[in-house]
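Hello,

I am passing a structure over to you, and my notes on it follow below. Please have a look at it before you read on.

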Amino acid sequence: MSERYAELHRHLDGSLRASTLEALAAEQGVSLPAAVRFRKGMGLQAALACFEVTLSVLQGPDAVERVAREMCEDGVEEGLAGLEIRFAPQLHKGAEMETIVDAALSGVGGRAGLILCALYGEPPALVERLVSVAASRPGVVAIDLAGGPHGGHDFSMRDYRDAFTRARELGIHRTVHAGEGRPPEEIRVAVEQLHAERIGHGTTLLDDPAVLDLVLERGVTIEACPTSNVHTGILEAPTDHPLSRWLDMGLKVAVCTDNTLLSDVTLPEELSRVARIDGMDAAKLARIAECSRAALFQRG
């Protein structure tokens with residue numbers, strides 16, 4: 001990569017090395033399915049179900065620490081200018097949430113920022129707990145709302161407003177998975193009520209000019225994950241991503257992998273696919289690199 005790009009959107013439980021997955025499974029006596037990776041057009045819910053496989057070997061702090069450490073090493077190999085690793089510690093049942101977060105921080109060793117993910121549909125009290133865990137740990141740079149809504153959820157995005165507001169008051173940054181093939185109203189709620197500074201995916205942003213204006217006005221950065229969007233059935237191909245049009249409209253955009261193992265992609269590979277989008281050129285790629293570095297979360 002001629003420009004140096006920062007990786008803003010990479011999930012720990014979707015980005016462990018294949019060799020590490022196999023080693024941890026062998027150590028723990030876990031039987032792995034023949035196929036672990038995402039496939040084209042599988043849909044979001046099917047993709048989310050794949051995490052059950054990787055999470056099955058990541059329940060304890062030692063495994064979490066190892067994967068966090070190796071992800072930082074992989075980031076160096078990719079030539080990243082910065083890295084943020086996100087995960088939902090409440091899904092790792094081998095120890096208390098605080099112990100799991102501390103294990104990830106130990107693995108990171110200051111080489112990456114950590115983002116704690118709440119999941120759509122979880123109780124607001126759990127999101128409040130994530131904020132409390134983050135508050136005393138400067139290495140946790142942000143909280144996220146990940147996954148996606150469905151009709152069986154008891155809680156909506158708006159129910160997390162108080163927790164995300166408290167995060168803002170504590171100097172903890174906010175990013176939200178929103179508009180991932182779903183109505184752009186999610187993006188509005190994320191920005192206006194959850195105080196999102198970045199939006200994960202946001203593929204439907206152009207469907208509502210008012211939401212587009214809001215994102216531009218607030219200077220929100222979009223974390224674009226084209227290969228992931230192909231797997232979840234939002235795009236037919238990475239070259240169908242609206243990235244180039246977003247840049248033409250003045251949006252701040254970072255290109256991200258989402259899950260290096262499950263989507264079988266590195267950031268250099270993702271960028272090579274983005275480079276083939278109609279209208280993309282060297283100047284736009286340089287802007288993406290600049291946006292990615294500028295959007296890295298820092299806690300004072």
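A word on terms before the notes: a residue counts as buried when its relative accessible area is under 20%. Please also keep in mind that this is a predicted model.

Let me start with helix α3, residues 61–77. With 17 residues at 1.5 Å a residue, α3 should span 24 Å, and its end C-alpha atoms are indeed 24 Å apart, so the two values agree. The buried residues of this helix are A63, V64, V67, A68, E70, M71, C72, D74 and G75. What do the buried residues of α3 pack against? Their partners are two strands, β1 (6–11) and β2 (82–87), and two helices, α1 (18–28) and α4 (97–108). Just after α3 comes G79, with a positive phi of about 75°.

Next, the pockets. The largest pocket has a volume of about 510 Å³. It is lined by 30 residues, and those closest to its centre are L48, F51, L119, A146 and G147. Two elements give two or more residues to this lining, namely α2 (44–55) and β3 (113–119). The largest share, seven residues, comes from α2. By type, the lining of the largest pocket divides into 13 nonpolar, 12 polar and five charged residues.

The second largest pocket has a volume of about 200 Å³. Of its 15 lining residues, D74, T260, L261, V265 and T266 are the closest to the centre. D74 is also one of the buried residues of α3. Here the lining is made up of five nonpolar, three polar and seven charged residues.

Now for the interior. The largest nonpolar core holds 83 residues, among which V176, I199 and L243 touch the most other members. Leaving aside neighbours within four places in sequence, V176 is in contact with Y120, D144, L145, M157, F164, A190, L194, A196, R198, I199 and G200. There is also a second, separate core of seven residues, including L8, A254, A295 and L296.

One more residue to look at is T221, which lies in strand β7 (residues 221–224). Is T221 buried or exposed? Its relative accessible area is 6%, which is under the 20% cut-off, so T221 is buried. Not counting residues up to four places away in sequence, T221 touches E197, R198, I199, K252, V253, A254 and A295. Among these contacts, I199 belongs to the largest nonpolar core, while A254 and A295 belong to the second one.

Happy browsing, and best wishes

Conventions:
Residues numbered from 1 in each chain as written. Predicted model: local features only at pLDDT ≥ 70, side-chain atom pairs only at ≥ 80, totals over all residues. Heavy atoms only, no water. Helix = DSSP H or I, 4+ residues; strand = E, 2+ residues; numbered from the N terminus. Expected span 1.5 Å × (residues − 1). Buried < 20%, exposed > 50% of the residue type's maximum accessible area, 1.4 Å probe, protein only. Contact = heavy atoms within 4.5 Å. 1 Å grid on protein atoms, 1.4 Å probe; cavity = no way out; pocket = protein on both sides within 12 Å on 5 of 7 lines; lining within 4 Å. Points joined across faces, edges and corners; volume = space filled by probe spheres on them. Nonpolar A, V, L, I, M, F, W, Y, C, P; charged D, E, K, R; others polar. Core = buried A, V, L, I, M, F, W, Y, C linked by side-chain atoms within 4.5 Å.
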